[in-house]
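Here is an informal walk through one model, a stop at a time. Have the sequence and the 3D view open as you read.

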Amino acid sequence: RTVYVNGEYLPEDQATVSIFDRGFLMADAVYEVVSVLDGKLLDFAGHMARLTRSLEALEMDNPLSEDEYLDAHRQLVERNGITDGLVYLQVSRGNPGDRDFAYPPKGTVPTTVMFTQAKPGLADAPAARTGWKIVSVEDQRWGRRDIKTVQLLYPSMAKMEAKARGADDAWLIEDGKVTEGTSNNAYIVKDGKIITRELSHDILHGITRAAVLRFAREAQMQVEERSFTLAEAQAAAEAFVTSASAFVMPVVEIDGTSVGGGKVGPVATRLREIYLEESRKTAI
Ligand code: PLP
């Protein structure tokens, strides 16, 4: 594979970053994941807008322009022959000197890396027809989950717990309410209404979430942005999650209780179709 490091395209075994990089030492880095379908980038502008917000929240300079990011994404897709898959992008604060909790307020040189992962058949995941099983895990992450940092140890542990319990993913619970999945936003469908937690510092502002809610409203479906409990989700007609790489993924079981009779429901199915159709149209 060819990867990108600070303006260079290199074979992956020749790409290196400093052991003093704050991304490595302190998780002082942000990232984005953009899906590729038919060799084209989905929701690219949305991901770039969120990258800018994440960098601003951490007072980091943005090393590249949107056009430069686009060019690098396209070059990697092209050089690695990616038809379906993803491009991972990470910007860290770099290596401003000796390890120190304080960082220089300005003038640090960020470390920018990008690589691709091929995912043949990404849009036709068999799980979309059978749905995911979810278990609940306490949300013990930090309080700025709206910033897409690489501090992913807790969600990683929650995912491992889900797998150990025979499930596909975990929903994180705080103050009795579902925040989101380990790497996706969470939804239920009740009385025909699509319900998902409102935006705040408590959840990542999903790019797929924004697109799916827009398409749902355009299709005259009702949307309510509010938090919900696990019990409400277990009693719901349907449940599902969204993310850049899972698109819209139905949920059929939560903590051992079947949701929607344990079958993938019509709303999740329709939203998945609409999302894939519409986002392919605007893919670049
Ligand atoms: N929530 C969390 C915690 C995530 O890590 C992600 C994606 O990685 C999402 C939600 C979904 O965001 P997006 O739709 O932008 O991929």
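## Starting at Ser 54

Let's begin in helix H2, which covers residues 44-57 and holds Ser 54. Keep in mind throughout that this is a predicted model. Is Ser 54 buried or exposed? Its relative accessible area is 2%, and the cut-off for buried is under 20%, so Ser 54 counts as buried.

Which residues does Ser 54 touch, once those up to four places away in sequence are left aside? The list is Val 30, Ile 147 and Lys 148. With Lys 148 there is a polar link as well: a polar atom of the Ser 54 side chain sits 3.3 Å from the backbone nitrogen of Lys 148.

## Around the ligand

Lys 148 turns up again at the ligand, where it is among the closest residues along with Arg 50, Glu 180, Ile 207 and Thr 208. In total, 17 residues surround the ligand.

Now for the polar distances. The side chain of Arg 50 places an N or O atom 2.7 Å from a ligand oxygen, and for the side chain of Thr 208 the corresponding distance to a ligand oxygen is 2.6 Å. Ala 244 takes part through its backbone, with an N or O atom 2.8 Å from an oxygen of the ligand. How much of the ligand's accessible area does the protein cover? On its own the ligand has 390 Å², and the protein covers 92% of that.

## The largest nonpolar core

Time to look at the packing. The largest nonpolar core has 24 residues, and the members touching the most others are Leu 37, Ile 194, Phe 240, Phe 247, Leu 271 and Tyr 275. Four elements each give two or more residues to this core: strand E10 (185-190), helix H6 (207-218), strand E14 (247-254) and helix H8 (266-281). Which of them gives the largest share? That is H8, with six residues. As background, nonpolar side chains tend to be buried together in soluble globular proteins.

Ile 194 is a handy place to see the contacts. Leaving out residues up to four places away in sequence, Ile 194 touches Tyr 187, Ile 188, Ala 216, Met 221, Gln 222, Val 223, Glu 224, Phe 240, Val 267 and Leu 271. Apart from this core lies another one, of 23 residues, including Tyr 4, Val 30, Met 48 and Leu 76.

## Ring pairs

How many aromatic pairs does a search of the whole structure find? Seven. Take Tyr 31 and Tyr 88: the ring centres are 5.6 Å apart and the planes meet at 25°, so this pair is stacked. Tyr 31 belongs to strand E3 (residues 29-37) and Tyr 88 to strand E5 (residues 85-92), so the pair ties together parts 57 residues apart in sequence. Both tyrosines are buried, and ring pairs join Tyr 31 and Tyr 88 with Phe 115 in a cluster.

Next, Tyr 187 and Phe 240, both of which appeared above as contacts of Ile 194. Their ring centres lie 4.4 Å apart with planes at 10°, so this pair is stacked too. Tyr 187 is in strand E10 and Phe 240 in strand E13 (residues 238-243), so to speak a link between distant parts of the chain, 53 residues apart. Tyr 187 counts as buried because its relative accessibility is 0%, and Phe 240 is buried, also at 0%.

## A buried tryptophan

Strand E8 (residues 169-174) contains Trp 171. Trp 171 is buried, with a relative accessible area of 0%. How far apart are Trp 171 and Phe 24? In sequence they are separated by 147 residues, and in space by 27 Å, C-alpha to C-alpha.

## Two positive phi angles

Most residues other than glycine have a negative phi. Asp 43 has a positive one, about 55°, and lies in the loop between strand E4 (40-41) and H2. At a relative accessible area of 15%, Asp 43 is buried.

Asp 255 also has a positive phi, near 50°. Its place is the loop between E14 and strand E15 (257-258). Buried or partly exposed? With 30% relative accessibility, Asp 255 counts as partly exposed.

Technical notes
Residues are numbered from 1 along each chain as its sequence is written. This is a predicted model: local features need pLDDT of at least 70, side-chain atom pairs count only at pLDDT 80 or more; totals for chains, interfaces and linings use all residues. Side-chain values use heavy atoms; hydrogens and water are left out. A nonpolar core is a set of buried Ala, Val, Leu, Ile, Met, Phe, Trp, Tyr and Cys residues joined through side-chain atoms within 4.5 Å. Buried means under 20% relative accessible area, exposed over 50%, partly exposed in between (1.4 Å probe, protein chains only). Contact means heavy atoms within 4.5 Å. A residue is near a molecule or strand if one of its heavy atoms lies within 4 Å of it. A polar contact is a pair of N or O atoms within 3.5 Å; within protein, one must be able to donate a hydrogen and the other to accept it, and residues adjacent in sequence count only if both atoms are side-chain atoms. Accessible areas come from the Shrake-Rupley method with a 1.4 Å probe; for residues, only the protein chains shown count as cover. Rings of Phe, Tyr and Trp (its six-membered ring) pair if their centres lie within 6.5 Å; planes under 30 degrees apart count as stacked, over 60 as edge-to-face and the rest as tilted.
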